[in-house]
Amino acid sequence: MKTFHKSLLVAGILAASSQANAGYEVKITDQDTLTFGGYIKLDARYVDGNVNSITNDYWVGLGNVGDISRFSFRATETRFNTKYVRGDVTGFIEMDFHGGGGNEIVSNSSNPRIRHAFIKYQDFLVGQTWSTFVNTSALAEAADFAGPLNSVAFIRQGQIRYTKGGLQLAIENPESDRGDSSQDSVPDVIAKYTFSGDWGNVSVAGLARQLNTVGGNSESAFGYGIAGRVKTFGRDDIRFQLHGGETGRYVGVVAARDLVGEEVEESTSVMVAYRHFWFDDYRSNIFYGKTTTDVADAERIHWGINIFNNLTQHLSWGFEIGNFEQKDSNADSDYAQLSVKYVL
């Protein structure tokens, strides 16, 4: 009977949430909590120039060169998550719809995909989530998904992580990008320390990996990252990231690769973003990101400026203009994007 009452409660909350489009926390027992969240987002995007992102939908660190004049609507950034808490154990699952599938002729269908799926128990986390190398608070607020991805640490993968205060230590999934990943037998090792306070936070991270080339060689790779979000005046803040060394796939979303032939790629990436509140419900962001590599001699730049307005506590819209430049290909494109988001 107790289980039956729990089922009725959860069913009732699910029905209410589908009608109200709001996030809910369900208290099942004193030890059990179930939370539903996420958001619905529509993006209207226009790109004009001679390079387009390999995703078509948002800028990453690489584009396809060629004349482009493209307008599109998409809702694939929409996401849904569920958190389960039972005493000291937390389970979290989140999905979005960047999984591909369907077409733009009839249905515009998109397959769901896993973003996060992890378990936390006391000081340990196991599962898939943001790499320990990533400081998500240092990502720019942007209409274009996550802003200048060409220059920031941005990767989710399977891992085992230990956290004690500001210190985090992890072993994570290895992958020799552009190498022989079938020989990846040693996990990536990451250490990060985050200094935080009322002023914001700054993290310092280090990365050590073993990469395997297509020629059968094993190479060591080391990288570092400094990232943070610091309050300035009023509600304003500045966000920044600096990465260097052999960070490869961890930074820039394929602006740099782990390996170029038999050589380990070295790169330098810098990102800075400033957020200013005009009024309580109006704010703007300006951001700039750049990555350069030594072996492939790549150079990718992305800048943008936007404005956001909260119509209600949960409903907002934003408009952004910017430019992506693939300097090593002598190509760049301007873009404009309008986004409407409803937070559940």
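A cavity is a set of grid points where a 1.4 Å probe fits but cannot get out, and its lining residues have an atom within 4 Å of a point. In this predicted model, the largest cavity is lined by Phe133, Asn135, Lys192, Ser203, Ala205, Gly225, Ala227 and His243.

**Cavities**

The count comes to two cavities of 30 Å³ or more. The largest cavity has a volume of about 40 Å³. Strand E11 (200-212) and strand E12 (218-231) each supply at least two residues of its lining.

The second largest cavity holds about 30 Å³ of space. Its lining consists of Arg45, Val47, Asn52, Asn56, Arg70 and Ser72. Strand E2 and strand E3 (63-74) each give at least two residues to this lining, and E2 gives the most, with three residues.

**The largest pocket**

The largest pocket contains about 850 Å³ of space. Its lining has 34 residues, and Tyr39, Glu77, Arg79, Glu141 and Lys341 lie nearest the centre of the pocket. Several strands each supply at least two residues of this lining: E2 (32-53), E6 (113-121), E18 (299-310), E19 (315-326) and E20 (331-343). Strand E2 thus appears in the lining of the largest pocket and in that of the second largest cavity.

The table sets out the make-up of the three linings by residue class.

| Space | Nonpolar | Polar | Charged |
|---|---|---|---|
| Largest pocket | 13 residues | 10 residues | 11 residues |
| Largest cavity | three residues | four residues | one residue |
| Second largest cavity | one residue | three residues | two residues |

**Rings and charges**

Two of the residues nearest the centre of the largest pocket, Tyr39 and Lys341, also meet each other: Lys341 lies over the face of Tyr39, at 4.6 Å from the ring centre. In a similar arrangement, Arg235 lies over the face of Phe277, at 4.0 Å from the ring centre.

The whole structure has 12 aromatic pairs. One of them is formed by Phe124 and Tyr162, which are tilted, with 5.2 Å from centre to centre and 50 degrees between the planes. This pair links distant parts of the chain, since Phe124 is in strand E7 (residues 124-130) and Tyr162 is in strand E8 (residues 156-164), 38 residues apart.

Are Phe124 and Tyr162 buried or exposed? Phe124 has a relative accessible area of 47%, so Phe124 is partly exposed. Tyr162 is also partly exposed, because its relative accessible area is 29% and this class runs from 20% to 50%.

Elsewhere, ring pairs join Tyr58, Trp130, Phe145 and Phe154 into a cluster.

Methods
Residues are numbered from 1 along each chain as its sequence is written. This is a predicted model: local features need pLDDT of at least 70, side-chain atom pairs count only at pLDDT 80 or more; totals for chains, interfaces and linings use all residues. Side-chain values use heavy atoms; hydrogens and water are left out. On a 1 Å grid over the protein atoms alone, a cavity is a set of points where a 1.4 Å probe fits but cannot get out, and a pocket is an open set with protein on both sides within 12 Å along at least five of seven lines; lining residues have an atom within 4 Å of a point. Grid points are joined across faces, edges and corners, and a volume is the space filled by probe spheres set on the points. Helices (H or I, at least four residues) and strands (E, at least two) are DSSP runs, numbered from the N terminus. Ala, Val, Leu, Ile, Met, Phe, Trp, Tyr, Cys and Pro count as nonpolar, Asp, Glu, Lys and Arg as charged, and the others, Gly among them, as polar. Rings of Phe, Tyr and Trp (its six-membered ring) pair if their centres lie within 6.5 Å; planes under 30 degrees apart count as stacked, over 60 as edge-to-face and the rest as tilted. Buried means under 20% relative accessible area, exposed over 50%, partly exposed in between (1.4 Å probe, protein chains only). A charge sits over a ring if NZ of Lys or CZ of Arg is within 6 Å of the ring centre and within 35 degrees of the ring normal.
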